[in-house]
Amino acid sequence: MDANPPAGHRTTASGSSGAEEIRLDGVSKTYPDGTIGVRELDLTFAAGELSVLVGPSGCGKTTTMKMINRIIEPTTGRILLGEDDVTRVDPVQLRRRIGYVIQNVGLFPHQSVRRNVATVPRLVGWDKKRTQDRVEELLTLVGLDPATFGDRYPHQLSGGQRQRAGVARALAADPAVLLMDEPFSAVDPVVRERLQTEFLRLQDTVRKTIVFVTHDIEEAVRLGDRIAVMSEGGTVEQFAPPADLLGTPATPFVADFVGADRGLKRLAVTGIDPDDLEHPPVAHVDDGLADVRASMERAGARWAVVLDDQQHLHGWISADRAAGAGTVYGAGKRMEAWVPVDASLKAAFSTMLQLEAGWVAVLDGDRFLGVLTPASLHAALRRSVDGTVPEIAGAV
Ligand SMILES: Nc1ncnc2c1ncn2[C@@H]1O[C@H](COP(=O)(O)OP(=O)(O)OP(=O)(O)O)[C@@H](O)[C@H]1O
Ligand SMILES: [Mg+2]
């Protein structure tokens with residue numbers, strides 16, 4: 001079990017705009033009929049991070065979420081929002097600090113989109129002008145043109161548009177914390193993926209402390225800075241960044257839940273470590289072919305990377321073509337297979353497949369760092385099991 005995280009791994013998370021940490025300290029919930037909702041949760045959701053609760057139906061995800069904004073009171077334990085014990089905060093004040101996107105959206109059906117989004121600002125007494133401005137700003141932020149969608153009613157929106165309106169409503173009073181309970185589950189996979197991408201971009205801007213519930217491990221891996229896997233009976237099996245969860249599942253339940261293809265999933269959340277790069281012979285466009293051929297022979301290589309005079313990637317040259325007189329310039333081939341050094345191993349691998357290349361160059365800006373081959377990719381993936389390779393937060 002690994003329920004207490006070290007410092008957050010998405011480095012940009014610190015200094016987020018008023019985001020607050022949420023700490024659950026020995027929290028249990030037993031419902032009046034004796035059903036155990038959750039059991040002894042010790043979890044810290046770091047400020048400005050997106051934490052995901054994932055697990056099968058009935059494992060206590062919604063219960064956990066509703067205790068944070070006091071829709072449900074815990075039976076034992078404490079919940080802290082920043083420095084404050086939530087049971088001691090006035091509920092109206094509390095909900096101003098916490099945005100909530102409930103399971104199945106939950107827009108008010110008889111209110112326009114504008115009025116839905118204005119709910120919390122009105123509740124906490126913002127004046128009309130400030131509320132109006134905020135509603136326009138948020139609808140635009142979530143990609144709903146206010147002129148087109150502002151006056152519609154929820155039933156006049158597509159599923160994806162309703163989800164966006166739900167997110168806008170939750171963000172309206174600029175809460176420090178956002179609770180999202182399966183916000184994208186009601187839409188088809190294509191729309192869901194688009195909403196996820198937009199949502200990651202939005203989080204890059206707003207940097208809220210987000211607790212996000214899903215039962216979809218793919219969604220959890222894609223979005224989460226950190227993922228809590230819960231099991232029946234309301235316990236946390238593991239709380240870890242996606243790459244750790246996939247690389248070293250803490251329990252058989254987690255291993256089973258993340259799936260037999262966890263190695264493949266891990267590609268998407270494992271970064272390139274410059275130490276894993278291979279360094280084939282390097283030729284410059286002005287080098288003579290005979291010299292290049294000699295250096296390939298010395299290195300026992302069948303090809304060399306070709307750089308221009310500014311050390312930028314130009315292409316590659318095979319040993320066969322490094323023959324005769326003249327320079328590399330005309331004999332080399334252009335090379336499209338490259339990725340930036342902050343790409344994921346999955347991006348490197350799919351570039352390789354897409355371009356039918358035997359290797360990809362890795363660039364830092366324009367600077368050539370080295371290459372990844374299938375062998376070095378495999379080595380990098382193996383090493384990520386030890387947790388020594390940098391991770392890419394939520395990236396795919
Ligand atoms: N008011 C209640 N009274 C009794 N038991 C309840 C109540 N609300 C929830 N439960 C039970 O508590 C457990 C956890 O429920 P919860 O809604 O938190 O699950 P969940 O993980 O959100 O599931 P789902 O993925 O289906 O939404 C379940 O066994 C559920 O039946
Ligand atoms: Mg639920």
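In helix H7 of this predicted model, the buried residues are Gly160, Gln161, Gln163, Arg164, Ala165, Gly166, Val167, Ala168, Arg169, Ala170 and Leu171. The helix is thus mostly covered, with 11 of its 13 residues buried. Its length can be checked with a simple piece of arithmetic. H7 takes in residues 159–171, and at 1.5 Å a residue these 13 residues should span 18 Å; the C-alpha atoms at its two ends are 19 Å apart, so expectation and model agree.

A step back from H7 brings the whole chain into view. Its secondary structure amounts to 16 helices and 17 strands. The C-alpha trace spans about 85 × 50 × 35 Å along its principal axes. Of the 396 residues in the chain, 52% are buried. The domain assignment divides the chain into domain 1, made up of residues 22–97 + 175–267, and domain 2, which covers residues 274–381. Taken over C-alpha atoms, the centres of these two domains are separated by 43 Å.

Attention can now turn to ligand 1. There are 13 residues around this ligand, and those that come nearest are Ser57, Gly58, Lys61, Thr62 and Thr63. Sorted by class, the shell holds eight polar residues, three charged ones and two nonpolar ones. Helix H1, which runs over residues 61–68, gives the most to this shell, contributing three residues.

Several individual atom pairs help to place the ligand. In the side chain of serine 57, an N or O atom is 2.5 Å from an oxygen atom of ligand 1. Glycine 60 takes part through its backbone, where an N or O atom lies 3.0 Å from an oxygen atom of the ligand. With tyrosine 31, the ligand atom is a nitrogen, found 3.5 Å from an N or O atom of the tyrosine side chain. On its own, ligand 1 has 640 Å² of accessible area, and the protein covers 65% of it.

Proline 189 offers a last stop on this tour. This residue belongs to helix H8, which comprises residues 189–206. Its relative accessible area is 62%, and because a value over 50% counts as exposed, proline 189 falls in the exposed class. Proline 189 and threonine 373 are 184 residues apart along the chain, and a distance of 32 Å separates their C-alpha atoms.

Key. Residues are numbered from 1 along each chain as its sequence is written. Chains are lettered from A and ligands numbered from 1 in the order in which they are written. This is a predicted model: local features need pLDDT of at least 70, side-chain atom pairs count only at pLDDT 80 or more; totals for chains, interfaces and linings use all residues. Side-chain values use heavy atoms; hydrogens and water are left out. A residue is near a molecule or strand if one of its heavy atoms lies within 4 Å of it. A polar contact is a pair of N or O atoms within 3.5 Å; within protein, one must be able to donate a hydrogen and the other to accept it, and residues adjacent in sequence count only if both atoms are side-chain atoms. Accessible areas come from the Shrake-Rupley method with a 1.4 Å probe; for residues, only the protein chains shown count as cover. Helices (H or I, at least four residues) and strands (E, at least two) are DSSP runs, numbered from the N terminus. Ala, Val, Leu, Ile, Met, Phe, Trp, Tyr, Cys and Pro count as nonpolar, Asp, Glu, Lys and Arg as charged, and the others, Gly among them, as polar. Domain bounds come from an automatic or database domain assignment. The expected span of a helix is 1.5 Å times one less than its number of residues. Buried means under 20% relative accessible area, exposed over 50%, partly exposed in between (1.4 Å probe, protein chains only).
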